[in-house]
Amino acid sequence: MRQFPLEGLEIAPGRVVEWRLRSTRRSEEGGTEGARKSASFNQDKHFSVVEEARKANDSIASWLAVTFEVEGPLDRDALEAALLFLARRHEVLRCQFQRLAGDLSCGAIDEEEIALDVAEMGDFDTSAELIAFMSDSFQKQIDTLAWPLFMMGAVVRETGSSTVYMAFDHIVSDGVSMPNVVNDIQTAYAAYIQGREPVLPVAGSYLDFAHEQRVRYLSLEAGDERLDYWKSFMAGNGEFFPRFPLELGIEPNRLYPTVNEADRLLDARETEALETRCREAGGKFFMGLLASVGTALHALGGPDSYRGFMPVSERGRGPWKHSVGWFVNTLPIEFPVGKGLEFDELIAGVRAGFGAMMGSLEVPFIRAWELLAPEHFALRTWPYPVNFFSYMDMRRTPGAEHHPQWQPTAHVWASTANGTCSWFQRDVTGLYMNSIYVDTGEARRTMRSVREVLTETLRATSRVALREPAAVS
């Protein structure tokens, strides 16, 4: 499983069916939700950004989506039951948000009081028409301020397989949620075809997680020692947000349309070799990848110290592993990348930087931002292009052993940006990079150079483990 633009999806034409979640409780019966709980800091900030954008007639929008294959003639009843099972299993997917006295709260419709409405969308004769329809459907149906906060559909074919697609607002999901969604639906679908109930591990409620986080950190103050790591980073960085160190050709305080690109950086053999080299140096694979990113940026004119944001999963090893929700914290990391450093030295620097960073894992990024950079907190975006690195090993997600059969793919889209974000994914076929960045000529040139230099840096390191000679240019 990997992540790439929806436009790059290889999808066969077919008949499209969509489903939409509906509450079955009658309005005269009163409220449609259970006990309301506080939204997470991520959810509150996301909701606020969309609220303010809507007031300013700003077209800022985004979605996360996943597509995957269901083999054989589609059993519509079984698929509908599986989709309903997903919504009942994950409380956050039934959640409705409301701002009361300034605070954002959420309440979930009871799992027995939801149903699916089906809509026949017609036949599509070409892949291009189908992808255009899906993209348009995602943009129209995913709205942070409107319920439901996700949508479901399928491209049904008489032979071969059918393609299931789903899109979510970020307020109810994250990247790790996508393989969980696929595993839940595929497992439930197989069970319902056989006439039995699905059996899956317990999935903790994101609403419980969010409420506990909010209660624990709402009283955090700027002088709290739990913010010492952030303050230390700011002292070296000079500001709260680590700037992307290369030119993108943008004007301050302006948003641009986006470019969404994906590339394979290493094949499976090269990726395994890189992991071997990382272990030899005393580090993990992502450490070698991050060291290589820092090295590439430095080679293109970046500073001797890598400083960037790194999203980290908050799921831990508890009941959240199989959950759907926004279990992501964002933390700063720094390490030296100066000229002349050997790979082992780079790994040691990343390992030390990561260890220091993880000591502050529980402090929510949004809360740190609000307390330590209040002058930027009201902004609807980060104040300038920010250095951002995200890595996910798709081989370690639930259901990964079935990915070659299911062919799941994650997709991310954003209407506008003022910088660049890159996500790296590893699966059984290799290492991939998906980037969304501002659509300017200079940004295109810069990101092309980053991909080229990074790819060569990674391959050079993998060749050491493979004991291969350096490539001749």
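## The five-stranded sheet and helix H8

In this predicted model, Pro257 stands opposite Thr416 of strand E15, at a place where strand E10 (residues 256-267) and E15 run antiparallel and are joined by two bridges. These two strands belong to an open sheet of five, ordered E13-E16-E17-E10-E15, in which the pairing is mixed. Its edges are formed by strand E13 (389-393) and strand E15 (416-417), each of which pairs on one side only.

Helix H8 packs on this sheet, where it touches E13, strand E16 (420-427) and strand E17 (430-438), and the direction of the helix makes about 150° with that of E13. Because an angle over 145 degrees counts as roughly antiparallel, H8 and E13 can be described in that way. H8 comprises 15 residues (285-299), for which a rise of 1.5 Å a residue predicts a span of 21 Å, and the distance of 21 Å between its end C-alpha atoms agrees with that expectation. The helix is mostly covered, with 13 of its 15 residues buried, and it is followed by Gly301, which has a positive phi near 115°.

## The three-stranded sheet

A second group of strands, E3, E6 and E5, forms an open sheet in the order E3-E6-E5 with antiparallel pairing. Strand E3 (37-38) and strand E5 (95-100) each have a single partner strand and stand at the edges, so one side of each is left without a neighbour in the sheet. Strand E6 is largely enclosed by the rest of the structure, because five of its six residues are buried.

The pairing of E5 with strand E6 (residues 103-108) is antiparallel and extends over six bridges; within E6, Gly107 stands opposite Gln96, while Ala108 is the bridge partner of Cys95. The hairpin of E5 and E6 has two residues between the strands, and in this hairpin Ala101 takes a positive phi near 50°. E3 and E6 also run antiparallel, joined by two bridges, and here the partner of Ser38 in E6 is Ser105.

## Helix H1 between the sheet and H5

Which strands does helix H1 lie across? Helix H1 (residues 41-55) lies across E5 and E6, running at about 75° to E5.

H1 also meets helix H5 (residues 206-217), the axes of the two helices coming within 9 Å and crossing at roughly 95°, which makes H1 roughly perpendicular to H5. On the side of H1 the contact is made by Phe41, Gln43 and Asp44, and on the side of H5 by Tyr206, Ala210, Gln213, Arg214 and Tyr217. Sorted by class, the contact of H1 with H5 contains four nonpolar, two polar and two charged residues.

## The packing of H7 on H13

Helix H7 (residues 268-280) packs with helix H13 (residues 441-466) at an angle of about 75°, and their axes are 8 Å apart. The two helices, H7 and H13, are therefore roughly perpendicular to each other.

H7 contributes Arg269, Glu270, Ala273, Leu274, Thr276 and Arg277 to the contact, and H13 contributes Leu458, Arg459, Thr461, Ser462, Val464, Ala465 and Leu466. Six of the residues in the contact of H7 with H13 are nonpolar, three are polar and four are charged. As a general point on such helix faces, an α-helix has 3.6 residues a turn, so residues three or four places apart point the same way.

Notes: Residues numbered from 1 in each chain as written. Predicted model: local features only at pLDDT ≥ 70, side-chain atom pairs only at ≥ 80, totals over all residues. Heavy atoms only, no water. Helix = DSSP H or I, 4+ residues; strand = E, 2+ residues; numbered from the N terminus. Expected span 1.5 Å × (residues − 1). Buried < 20%, exposed > 50% of the residue type's maximum accessible area, 1.4 Å probe, protein only. Pairing = 2+ DSSP bridges. Contact = heavy atoms within 4.5 Å. Axes fitted to C-alpha atoms, helices over the stretch in contact; angles between N-to-C directions. Parallel < 35°, antiparallel > 145°, perpendicular 65-115°, else oblique. Nonpolar A, V, L, I, M, F, W, Y, C, P; charged D, E, K, R; others polar.
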